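Here's a quick tour of the model in front of you. Have the viewer open, and we'll start with one residue before stepping back to the fold.

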Amino acid sequence: MEHSQEATDRRDERFLVTGALGCIGAWTVRNLAAEGTHVVTFDQATDPRRIRQIATDEEFGRIVLEPGDITELASVERALDKHGITNIIHLAALQVPFCRADPPLGARVNVLGTVNIFEAVRRRPERIGKVVYTGSVGMFDAADADPGTNRLENDATAHPGNHYGVYKQANEGTARVYWAENGVSSIGLRPMTVYGPGRDQGMTSSPTKAIVAAVLGRRATIGFSGRTLFQYADDVARTLIVASRSELRGAHQFNLGGSLVDLRDFVAEIDARIPGAGDLLTIEGAPLPFPEEIAADALAAIGPVPVTPIADGIGRTIDLFTRLRDQGRLVPEQQGLTV
Ligand SMILES: NC(=O)c1ccc[n+]([C@@H]2O[C@H](COP(=O)([O-])OP(=O)(O)OC[C@H]3O[C@@H](n4cnc5c(N)ncnc54)[C@H](O)[C@@H]3O)[C@@H](O)[C@H]2O)c1
């Protein structure tokens with residue numbers, strides 16, 4: 001009985017995913033399409049290659065591609081109404097190197113773009129229940145970890161060290177005020193280092209690029225050392241979907257769980273599956289300036305969410321890249337590798 005009610009509710013859902021042509025977005029729309037949920041992408045990019053590399057033709061055929069720019073409120077509103085959207089997962093953003101290269105553009109996309117999403121939802125309370133969006137552990141400094149537990153607690157105060165972190169912190173403030181003043185509910189999830197197919201750009205993308213390089217038998221450098229909390233892109237996507245369906249009201253932000261792994265062990269895992277790959281991969285540079293140990297227990301409030309063990313996540317990534325390579329579809333430049 002309960003199950004069929006859930007099935008009916010899901011048939012009524014119409015998701016819009018901003019930034020859906022990026023890494024996490026591609027997994028999100030793939031998963032929604034795979035379960036038969038109506039899903040629309042909203043992205044200013046036009047090449048759906050990250051979706052194509054993980055979706056079957058049938059899944060891809062069910063996804064509606066809507067070009068649009070989140071810095072234009074009218075463009076967001078048009079898409080919401082044209083497709084009768086009921087659920088929003090907001091991922092469109094510029095990552096660290098891009099915000100650093102052009103801070104005004106970074107603020108337009110990351111801050112104004114997020115305000116636009118909240119504003120568009122505020123104007124449609126009868127149809128859209130909440131905003132689900134990605135924050136980032138990147139808004140914290142390593143020193144924001146609790147001195148007693150050495151972990152980044154869910155309610156830690158952020159002291160961002162770069163523009164990207166400042167914008168992410170601003171978005172959590174936007175979410176808080178839209179709840180306090182306008183009753184717009186939201187759930188922000190804070191990933192750390194996402195890896196897996198599609199992770200071909202951004203400051204922490206080099207571990208995934210190292211997997212691509214290993215599959216192609218090429219050399220690559222991972223640009224940071226030490227330990228980081230890895231999250232498999234598919235897990236992040238599934239967690240966003242769980243969040244969107246959760247009954248939580250209010251403005252919530254949650255650290256995400258994952259696998260705390262030393263880069264040397266990450267490379268050793270690749271080498272165990274592709275013998276000799278370890279000799280092609282170099283780890284260089286300082287550890288990331290963010291907390292390593294991250295408390296994710298509060299996330300249980302949205303319900304059970306998947307955490308793929310690192311060995312399985314690396315294994316699946318290698319399998320998918322190997323399949324693409326064998327089909328002649330693993331193009332180094334498209335995977336963020338320089339020639
Ligand atoms: N990848 C990570 O490790 C990580 C970690 C923490 C937080 N996050 C956050 O998760 C979200 C998704 O990350 P990702 O790795 O999938 O990023 P990505 O760079 O792969 O994708 C971002 C997408 O946003 C789109 N976009 C940029 N400007 C736009 C605009 N003006 N209008 C519409 N679309 C626009 C891009 O075309 C791209 O497809 C981002 O908010 C990011 O900050 C990612």
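With 13 C-beta neighbours inside 10 Å, Ala 272 counts as partly exposed; a residue needs 20 or more to be called buried. Keep in mind that this is a predicted model. Ala 272 belongs to helix H11, so that helix gets its own section below, after a look at the chain as a whole.

**Overall build**
- The protein chain has 12 helices and 14 strands.
- Its radius of gyration is 19 Å, close to the 20 Å from the globule rule for 339 residues, so the chain is as compact as a globular protein of that length.
- Along the principal axes, the C-alpha atoms take up a box of roughly 55 × 50 × 45 Å.
- Of the 339 residues, 47% count as buried.
- Among contacts with a separation of 6 or more, 78% come from residues 24 or more positions apart.

**Helix H11 and its surroundings**
- Which residues of H11 are buried? In this helix, spanning 263–273, they are Leu 263, Phe 266, Val 267, Glu 269 and Ile 270.
- These residues cover an arc of only 155° around the axis, which puts them on the same side of H11.
- The general background is that an α-helix has 3.6 residues a turn, so residues three or four places apart point the same way.
- The packing partners of that buried set are helices H9 (206–216) and H12 (310–326), along with strands E9 (220–222), E12 (259–262) and E13 (281–283).
- Back to Ala 272: its C-alpha atom is separated by 9.9 Å from that of Gly 315, although the two are 43 residues apart along the chain.

**Strand E12**
- Side chains alternate along E12, with Ser 259 and Val 261 pointing to one face and buried.
- Leu 260 and Asp 262 point to the other face and are not buried.
- E12 runs antiparallel to strand E10 (residues 227–232), and 4 bridges join the two.
- Ser 259 in E12 is the bridge partner of Phe 230.

**Strand E4, covered on both faces**
- In E4 (residues 87–90), Asn 87 and Ile 89 sit on one side, Ile 88 and His 90 on the other, and all are buried.
- Strand E1 (residues 14–18) runs parallel to E4, joined by 4 bridges, and Phe 15 stands opposite Asn 87.
- Strand E5 (residues 130–134) is also parallel to E4, with 3 bridges between them; Ile 88 has Val 131 as its bridge partner there.

**Lys 209 in helix H9**
- Lys 209 sits in helix H9. Is this lysine buried or exposed? It has 24 C-beta neighbours inside 10 Å, so it counts as buried.
- Leaving aside neighbours within four places in sequence, Lys 209 is in contact with Asp 200, Ala 220, Gln 335, Gly 336 and Leu 337.
- The C-alpha atoms of Lys 209 and Gly 303 are separated by 32 Å, with their positions 94 residues apart along the chain.

**Around the ligand**
- Gly 19, Gly 22, Ala 93, Thr 134 and Val 194 come nearest of the 29 residues around the ligand.
- Helix H2 (23–34), helix H7 (103–122) and strand E8 (193–195) are the elements giving two or more residues to this shell.
- H2 contributes the most, with 3 residues.
- By type, the shell divides into 12 nonpolar, 15 polar and 2 charged residues.

Methods: Residues numbered from 1 in each chain as written. Predicted model: local features only at pLDDT ≥ 70, side-chain atom pairs only at ≥ 80, totals over all residues. Buried ≥ 20, exposed ≤ 12 C-beta atoms within 10 Å, placed from the backbone. Arc of directions from axis to C-beta. Contact = placed C-beta atoms within 7 Å. Near = placed C-beta within 6 Å. Nonpolar A, V, L, I, M, F, W, Y, C, P; charged D, E, K, R; others polar. Rg over C-alpha atoms; globule rule 2.2 N^0.38 Å. Pairing = 2+ DSSP bridges.
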